[in-house]
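Work through the exercises below with the model open beside you. Try each task before you read its solution.

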Amino acid sequence: MAAEIVNPRSESTTDHTGHEGGAEPLDSFDPAFALHRGGKMAVQATVPVRDKDDLSLAYTPGVAKVCSAIAEQPELVHDYTWKSSVVAVVTDGTAVLGLGDIGPEASLPVMEGKAILFKQFGGVDAVPIALNCTDVDEIVETVVRLAPSFGGVNLEDISAPRCFEIERKLQDALDIPVFHDDQHGTAVVTLAALRNAARLSKRALGELRAVISGAGAAGVAIAKMLVEAGIGDVAVADRKGVVSADRDDLTPVKRELAGFTNKAGVSGSLEAALAGADVFIGVSGGTVPEDAVASMADGAFVFAMANPNPEVHPEVAHKYAAVVATGRSDFPNQINNVLAFPGIFAGALQVRASRITEGMKLAAAEALAGVVGDDLAADYVIPSPFDERVAPAVTAAVAAAARAEGVARR
């Protein structure tokens, strides 16, 4: 069976309180509610059941032969079930979009949305799973128990710092790809855009000093990936200023971060760190003062990715920066995770990878950057999510990297 991008519209007149009649339904005046009525996805069979012969093959007695074969040779599950083409989209609802901790039920519209993006942009089936627990070990145990049904696990909208531990423990426990998109998807797309911005300015990554606003899931992952890719230097700032080894209030994650970032030894505020910096990357919200942006190096890049309000409004950023990117679709250069995660999982599933490695993520970023090609311009350093070249390029690069790194099993 496969998850289809269909919306089984309900004819119910139930209003938003859950009662028949009563107040006018929300979807009578808001198109977002109208689109979501009945959910955004359904399950559709991939084989027909038209008569008793079909039934005897799809179910009993024919199915017993397949079950027995898999019991004898467990690897056959990849060939005779949907396992190798389906991803679990798992959340606990604690960090949903810009809404925060709204709980598992309220997270479902986002998880359904994620699932249809998997299908639309990567051809990958995905199932939303919203868990009614927030304890790290309970989440890990639950996902491990569910894992036999899936070829991969996409962790979504789980708050930091728990998300780091959950991902690590699941990677250790499972032999299928586990990928926290809020971390790594954001990092892949950011690196791709930065590669092209650097190419446009005829500079190497090693010549750039970057400052990241936000030391949560995305900020930490971006810092790690930029270092892996060879950035000249990167400093990360949280609410209390630059994360540096001389601070005594750091979490274990931030202490690790301090160990491989900020080679220049910058301390103090985000604004102070931006003086002379080549790159600003915002994944925190809030507002960066214009004078801090003005203090950056000539030809700087501003990636202000908070939604819906970028840390630096593009009108302000364009006064001082050579390249400006945001997380919004109504401005050029949108840093959108949908450019990464469908192709990354498609490539990993294609070769039955046991995990997603740093090399596979770097390959995804390079392939994504390569889609832009000779069309590179200040307002086009990253392709559109609707560019049909994106997913095939990322899929092929990730599959090749998996084989090169020895985690592919076919």
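**Exercise 1. Describe helix α5: its length, its bend and its surroundings.**

Step 1. Helix α5 covers residues 104–122, which is 19 residues. Helices here are DSSP runs of H or I with at least four residues, strands are runs of E with at least two, and both are numbered from the N terminus.

Step 2. From first C-alpha to last, α5 reaches 25 Å, close to the 27 Å expected at 1.5 Å a residue. The expected span is 1.5 Å times one less than the number of residues.

Step 3. Look for a bend. α5 has a kink of about 30°, centred on V110. The bend at a residue is the angle between axes fitted to the seven residues ending there and the seven starting there.

Step 4. List the buried residues. Among them are V110, M111, I116, F118 and F121. Buried means under 20% relative accessible area, exposed over 50%, and partly exposed in between, with a 1.4 Å probe and protein chains only.

Step 5. Find the cover. It includes strands β3, β4 and β5, and helices α8, α14 and α16.

Step 6. Check what follows. G123 comes after α5, and its phi is positive, near 70°.

Before going on, note the ground rules. The model is predicted, so local features need pLDDT of at least 70 and side-chain atom pairs count only at pLDDT 80 or more, while totals for chains, interfaces and linings use all residues. Residues are numbered from 1 along each chain as its sequence is written, and side-chain values use heavy atoms, with hydrogens and water left out.

**Exercise 2. Describe the aromatic pair of F118 and F345.**

Step 1. Count the aromatic pairs: there are four. Rings of Phe, Tyr and Trp (its six-membered ring) pair if their centres lie within 6.5 Å; planes under 30 degrees apart are stacked, over 60 edge-to-face, and the rest tilted.

Step 2. Classify this pair. F118 and F345 are 5.4 Å apart centre to centre, with 70° between the planes, so the pair is edge-to-face.

Step 3. Place the partners. F118 is in helix α5 and F345 in helix α14, 227 residues apart.

Step 4. Check burial. F118 is buried because its relative accessibility is 0%. F345 is also at 0% and counts as buried.

Step 5. Widen the view. F118, F179, F341 and F345 form one aromatic cluster.

**Exercise 3. Is helix α9 largely enclosed or open?**

Step 1. α9 has 13 residues, 217–229, and reaches 18 Å.

Step 2. Of these 13 residues, 10 are buried, so α9 is largely enclosed by the rest of the structure. Among the buried ones are V220, I222, M225 and L226.

Step 3. G230 follows α9, with a positive phi near 100°.

**Exercise 4. What does the salt bridge between D137 and K169 tie together?**

Step 1. The whole structure has 21 salt bridges. A salt bridge is a side-chain nitrogen of Lys or Arg within 4 Å of a carboxyl oxygen of Asp or Glu.

Step 2. The closest N and O atoms of D137 and K169 are 2.8 Å apart. D137 lies in helix α6 and K169 in helix α7, so the pair ties together parts 32 residues apart in sequence.

Step 3. D137, at 44% relative accessibility, counts as partly exposed. K169, at 24%, is partly exposed too.

Methods: Contact means heavy atoms within 4.5 Å.
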